[in-house]
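Student: I'd like to go through this one by asking how each label is earned. Can we take it label by label?

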Amino acid sequence: MHSAILISALLAASAAADLRLYVFDCGSLSFDDVSAFGITNDETPVRELFVPCYLIEHRGETVRRLLFDAGLPQNVAGRGDVEMEPGARMRYDRSLADQLADLGLAPDDIDYVAFSHLHFDHVGSSALFAGSTLLIQDAEYQAGFVGTPLEVYVPELYLGLADAPRQLLEGDHDVFGDGRVRLIRTPGHTPGHQALLVRLAETGPVLLSGDMYHFRESRRLRRVPTFNTDRDQTLESMDRIEALIDKEGATLWIEHDKALADTLRKAPEFYD
């Protein structure tokens with residue numbers, strides 16, 4: 001009996017070790033004034049935000065892949081500093097497509113694509129993945145693809161997915177069916193914002209925040225950006241995320257936290 005339990009545990013550990021998380025540098029944003037994010041310039045010295053893309057590789061009998069967030073617009077890559085408006089700039093040194101190629105991958109190798117939300121700095125390369133299955137909260141789909149998109153969206157960046165295969169979600173979603181990669185519904189920043197929980201064998205559970213928080217101070221002070229679609233929903237989602245972190249013993253990766261990003265291994269290295 002004990003031997004059977006041990007063998008089962010070893011097999012489970014071996015399977016869990018075949019989950020990989022890759023981090024890509026998909027650009028940066030810098031702002032002279034960060035007050036739109038709900039914090040004052042005096043409350044944080046941070047003016048530069050990291051823009052990530054993530055690849056989760058589920059290596060079972062077959063390899064299946066999820067791309068979570070798609071970074072800045074492709075046409076920014078390689079152009080140096082690009083002014084968005086006075087006091088706000090973006091930079092994107094190497095495109096996501098080129099970084100995937102470093103792994104021997106093309107967009108067609110991505111089975112699923114999900115975005116924390118449809119803001120421009122999270123869907124910049126989305127059109128490359130029109131052959132992947134889009135996993136999107138129904139509320140986000142309605143706000144971005146049906147009728148007139150919200151003013152905070154840039155639809156030309158993501159409307160290439162209008163005819164892509166899709167799965168409309170109304171809550172949390174188990175991506176690969178084994179509980180190890182879960183989209184977590186966290187509305188408020190946008191109507192269908194979602195975070196991603198990745199249960200890694202060696203690293204432990206990691207929660208990718210999307211834009212639940214932009215700065216460490218956003219989390220510590222529970223501040224809500226002025227451009228969020230629903231303040232009350234945002235605060236409720238913050239509470240839910242914090243409870244999930246406690247329950248899972250998860251590490252929160254604030255996606256835009258450059259100080260954190262500077263410490264992370266970037267693709268082709270990975271976390272498992």
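Tutor: Sure, and let's start with a cut-off: buried means under 20% relative accessible area, exposed means over 50%, and partly exposed is in between. By that test Tyr112 and Phe176 are both buried. Keep in mind that this is a predicted model.

Student: What makes Phe37 buried or exposed?

Tutor: Phe37 has a relative accessible area of 6%. The limit for buried is under 20%, so Phe37 counts as buried.

Student: And why is Phe227 called partly exposed?

Tutor: Its relative accessibility is 27%. Partly exposed covers what falls between 20% and 50%, so Phe227 gets that label.

Student: How do you know that Phe37 and Phe227 pair, and what kind of pair is it?

Tutor: Ring centres have to lie within 6.5 Å, and planes over 60 degrees apart count as edge-to-face. For Phe37 and Phe227 the centres are 5.6 Å apart and the planes are at 80°, so the pair is edge-to-face. Phe37 sits in the loop between E1 and E2, and Phe227 in the loop between helix H4 (216-221) and helix H5 (231-248), so the contact ties together parts that are 190 residues apart in sequence. Phe31, Phe37, Phe215 and Phe227 form one aromatic cluster.

Student: What makes Tyr112 and Phe176 an aromatic pair?

Tutor: Run the same numbers: 6.0 Å centre to centre and 70° between the planes. With cut-offs of 6.5 Å and 60 degrees, the pair qualifies and is edge-to-face. Tyr112 belongs to strand E6 (residues 112-114), while Phe176 is in the loop between strand E9 (173-174) and strand E10 (181-185), 64 residues apart.

Student: How do you know that Arg265 lies over the face of Tyr271?

Tutor: The distance from the ring centre is 3.9 Å, and the limit for CZ of Arg is 6 Å, together with an angle within 35 degrees of the ring normal. Arg265 is listed as lying over the face of Tyr271.

Student: Now the sheet. Why do E4 and E8 stand at the edges?

Tutor: The open sheet has 8 strands in the order E4-E5-E1-E2-E3-E6-E7-E8, with mixed pairing. Strand E4 (82-85) and strand E8 (166-169) each have a single partner strand, so one side of each is left without a neighbour in the sheet. The twist averages 25° from one strand to the next.

Student: How do you know that E1 and E2 pair?

Tutor: Pairing takes at least two bridges, and 10 bridges join E1 (residues 19-31) to E2 (residues 48-59), running antiparallel. For instance, Leu19 stands opposite His58 in E2.

Student: What makes strand E11 largely enclosed?

Tutor: In E11 (residues 194-200), 6 of the 7 residues are buried, so the rest of the structure largely encloses the strand. E11 is joined to E10 by 5 antiparallel bridges, and E11 forms a hairpin with E12, with 3 residues between them.

Student: Which residues touch the most other members of the largest nonpolar core?

Tutor: That core has 40 residues, and Phe24, Leu96, Phe115, Leu118 and Phe145 touch the most other members. E1 gives the most to this core, with 5 residues. As for Leu96, its contacts include Phe24, Cys26, Cys53 and Phe129.

Terms used:
Residues are numbered from 1 along each chain as its sequence is written. This is a predicted model: local features need pLDDT of at least 70, side-chain atom pairs count only at pLDDT 80 or more; totals for chains, interfaces and linings use all residues. Side-chain values use heavy atoms; hydrogens and water are left out. Helices (H or I, at least four residues) and strands (E, at least two) are DSSP runs, numbered from the N terminus. Axes are lines fitted to C-alpha atoms, for helices over the stretch in contact, and angles run from 0 to 180 degrees between N-to-C directions. A nonpolar core is a set of buried Ala, Val, Leu, Ile, Met, Phe, Trp, Tyr and Cys residues joined through side-chain atoms within 4.5 Å. Buried means under 20% relative accessible area, exposed over 50%, partly exposed in between (1.4 Å probe, protein chains only). Contact means heavy atoms within 4.5 Å. Rings of Phe, Tyr and Trp (its six-membered ring) pair if their centres lie within 6.5 Å; planes under 30 degrees apart count as stacked, over 60 as edge-to-face and the rest as tilted. Lists of a residue's contacts leave out its neighbours within four places in sequence.
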